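Visitor: Hey, got a few minutes to walk me through this one? I'd like to start inside and work outwards.

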Amino acid sequence: AAADEPGFEGFVDVKAAWTFHDPKHWSLMRNRLGLAASGAFNEALRWRVGGWAMYDPVYDGSDFYPHAVRADQRNELQVRETYLDWSAGDFDFRFGRQQIVWGEMVGLFFADVVSARDLREYVLAEFDQIRIPQWAARAEWFKDDVHAEAIWIPKMTYDDIGKPGADFYPFPPRFPGFATVFENEREPGGRGNDAYGLRLGYLVEGWDMSAFYYRSTDAMASFERQIVELDGQPTLLYSPGHTRIRQWGATLAKDFEGKVFKAEAVYTEGRRYDTLNLADADGLVRKNTLDYVLGVDFTLEDDARLNLQFFQRYTADHDPDMIPDRWESGASVYYSTKLMAGRLEPEILLIHSLNRSDWLARPRLGWNFTQDLKLSVGVDVLNGPPTGLFGRYTQNDRLWSELRVSF
């Protein structure tokens with residue numbers, strides 16, 4: 001077959017955020033352009049090239065943030081999905097930078113273990129903006145109701161946590177009487193730090209089931225700790241790094257006449273967690289954990305949607321000096337609806353720990369001027385203890401707006 005003429009698509013979005021806790025400040029004024037082109041050489045061979053360009057004048061017009069933060073978040077060029085697809089009978093192959101999504105729940109990540117994440121806005125951006133593609137080779141096999149998948153990532157992309165002093169930098173525990181200093185993050189590469197995984201899916205009587213195994217260098221940084229003396233001051237020296245982990249997981253979904261039940265579970269072996277024990281050599285303990293989440297989606301009248309989730313983490317051989325309890329539980333509620341013939345879209349997401357008063361609330365309102373032009377406004381409120389999942393960012397509550405044009 002003759003090659004297709006290339007197709008082009010893209011978007012422009014402008015997002016501004018005002019942090020309203022003292023010290024009040026503009027924390028975001030991001031301008032982003034996304035462009036992508038795709039086409040086909042023939043019926044079996046297709047291609048895609050995509051990228052983002054970003055500039056944020058907040059980091060030019062103010063010295064509120066440290067120099068390293070301003071240099072990191074002022075501007076950026078990022079390769080997005082850029083790959084070659086090859087179809088051969090029941091097999092599909094994809095080579096290049098791609099999104100590999102193995103799980104998808106509301107608000108938080110569970111079985112979505114392959115994607116790297118841009119956490120410079122924590123989990124407050126849309127998931128398609130948080131996920132960072134991986135450079136990977138991917139093979140898929142489809143036969144009747146069976147779907148098998150194998151991936152290899154020769155050089156991993158890791159979570160982008162930003163620089164110390166940024167609003168959502170994942171600071172490890174603080175201790176009275178100690179200064180805190182951070183070294184540069186170490187992102188291992190080369191042989192022995194690749195990633196690979198297998199996933200098998202099966203659809204039977206409406207039950208969509210899958211199981212997977214994934215071996216990788218942890219995309220999430222852990223902070224090794226040393227106690228040193230600098231200028232006569234006892235100092236905690238933190239070094240963000242990454243270690244090898246294994247993960248086994250499963251997902252399940254079923255549609256029950258307008259209600260969709262979803263479940264995900266992941267067992268992680270070898271991840272490192274902070275400890276409050278100052279006598280510990282590196283400030284980390286290596287533990288195995290089981291995470292699972294149960295969710296139900298309800299389709300209601302007038303295009304309304306209600307999602308309820310319960311999630312829990314169990315830590316084997318729990319260390320009492322760890323911040324999380326042996327069993328950590330939480331729940332979330334998401335509700336959205338459409339008004340004025342779909343032009344107005346109010347929604348709210350609430351995520352709450354059941355172990356302590358640690359929560360996130362995200363009400364927002366979207367206005368669809370046209371199919372390709374949307375304005376969103378909202379508020380992000382995080383509250384809880386300073387060691388909580390959300391409470392550590394309680395001073396970063398913000399009002400925000402975003403205008404997005406797609407073409």
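**Cores, charges and odd backbone spots**

Guide: Sure. The largest nonpolar core has 17 residues, and those touching the most other members are Phe110, Tyr122, Phe311, Ile351, Leu360, Leu382 and Phe390. Keep in mind that this is a predicted model.

Visitor: Take Tyr122. What is Tyr122 in contact with, beyond its neighbours within four places in sequence?

Guide: Its contacts are Ile130, Phe168, Leu382, Leu389, Phe390, Arg392 and Tyr393. Leu382 and Phe390 also show up among the core residues that touch the most other members.

Visitor: And how many residues does the second, separate core have?

Guide: That core has 15 residues, including Ile100, Ile153, Met156 and Ala195. As background, nonpolar side chains in soluble globular proteins tend to be buried together.

Visitor: OK, outside now. Which residues make the nonpolar surface patch?

Guide: Val12, Val14, Leu33, Leu35, Leu365, Phe369, Leu375, Val377, Leu403, Val405 and Phe407 make a patch of about 820 Å². Strands β1 (7–19), β2 (25–40), β22 (359–370), β23 (373–383) and β24 (398–406) each give two or more residues to the patch.

Visitor: Pick one. How accessible is Val405?

Guide: Val405, which sits in strand β24, has a relative accessible area of 33%. Val405 counts as partly exposed because its value falls between the 20% limit for buried and the 50% limit for exposed.

Visitor: Switching to charges. How many salt bridges does the structure hold?

Guide: There are 33. One of them pairs Arg94 with Asp85, where the closest N and O atoms are 2.6 Å apart. Asp85 is buried, at 18% relative accessible area.

Visitor: What about Arg138 and Glu140, buried or exposed?

Guide: Both are buried. They form a salt bridge too, and their closest N and O atoms are 3.9 Å apart.

Visitor: Which pair links distant parts of the chain?

Guide: Glu347 and Arg364, whose side chains meet in a salt bridge at 3.9 Å, N to O. Glu347 is in strand β21 (residues 344–353) and Arg364 in strand β22, 17 residues apart. Arg364 is buried because its relative accessibility is 13%, under the 20% limit.

Visitor: Which residues are linked in a network of salt bridges?

Guide: Lys15, Arg30, Glu121, Arg362, Asp380 and Arg398. In general, side chains of opposite charge can pair when their charged atoms come close.

Visitor: I keep looking at Asp218. Where does Asp218 lie?

Guide: Asp218 is in the loop between β13 (207–217) and β14 (222–230). Although it's a loop residue, Asp218 is buried, with a relative accessible area of 5%.

Visitor: What does Asp218 touch, not counting residues up to four places away in sequence?

Guide: Tyr158, His242, Thr243, Ile245 and Arg271. With Arg271 there's also a side-chain polar contact of 2.8 Å.

Visitor: Now the backbone. Which residues does the cis peptide bond join?

Guide: Asp22 and Pro23, with omega at about -5 degrees. Pro23 belongs to the loop between β1 and β2.

Visitor: And phi? What is the value for Asp317?

Guide: About 50 degrees, so a positive phi in a residue that is not a glycine. Asp317 lies in the loop between β19 (305–315) and β20 (327–336) and is exposed, at 61% relative accessible area. Ala341 has a positive phi too, near 60 degrees. That residue is in the loop between β20 and β21, and Ala341 is exposed with a relative accessible area of 85%. For background, most residues other than glycine have a negative phi, and most peptide bonds are trans.

Visitor: Last topic, distances. How far apart in space are Val204 and Ser62?

Guide: 57 Å, C-alpha to C-alpha, with their positions 142 residues apart in sequence. Val204 lies in strand β12 (residues 195–204) and is partly exposed, at 29%.

Visitor: And Leu350 with Ala331, what separation there?

Guide: Their C-alpha atoms are 8.3 Å apart, and the two are 19 residues apart along the chain. Leu350 is in strand β21 and is partly exposed, at 36% relative accessible area. Leaving out residues up to four places away in sequence, Leu350 touches Ala331, Ser332, Val333, Trp359, Leu360 and Ala361.

Key. Residues numbered from 1 in each chain as written. Predicted model: local features only at pLDDT ≥ 70, side-chain atom pairs only at ≥ 80, totals over all residues. Heavy atoms only, no water. Patch = residues over 30% accessible without salt bridge, like charges linked within 9 Å, V, L, I, M, F, W, Y side chains within 5 Å. Areas by Shrake-Rupley, 256 points an atom, 1.4 Å probe, with all protein chains shown as cover. Salt bridge = Lys/Arg side-chain N within 4 Å of Asp/Glu carboxyl O. Helix = DSSP H or I, 4+ residues; strand = E, 2+ residues; numbered from the N terminus. Buried < 20%, exposed > 50% of the residue type's maximum accessible area, 1.4 Å probe, protein only. Polar contact = N/O pair within 3.5 Å; in protein donor to acceptor, adjacent residues only side chain to side chain. Contact = heavy atoms within 4.5 Å. Core = buried A, V, L, I, M, F, W, Y, C linked by side-chain atoms within 4.5 Å.
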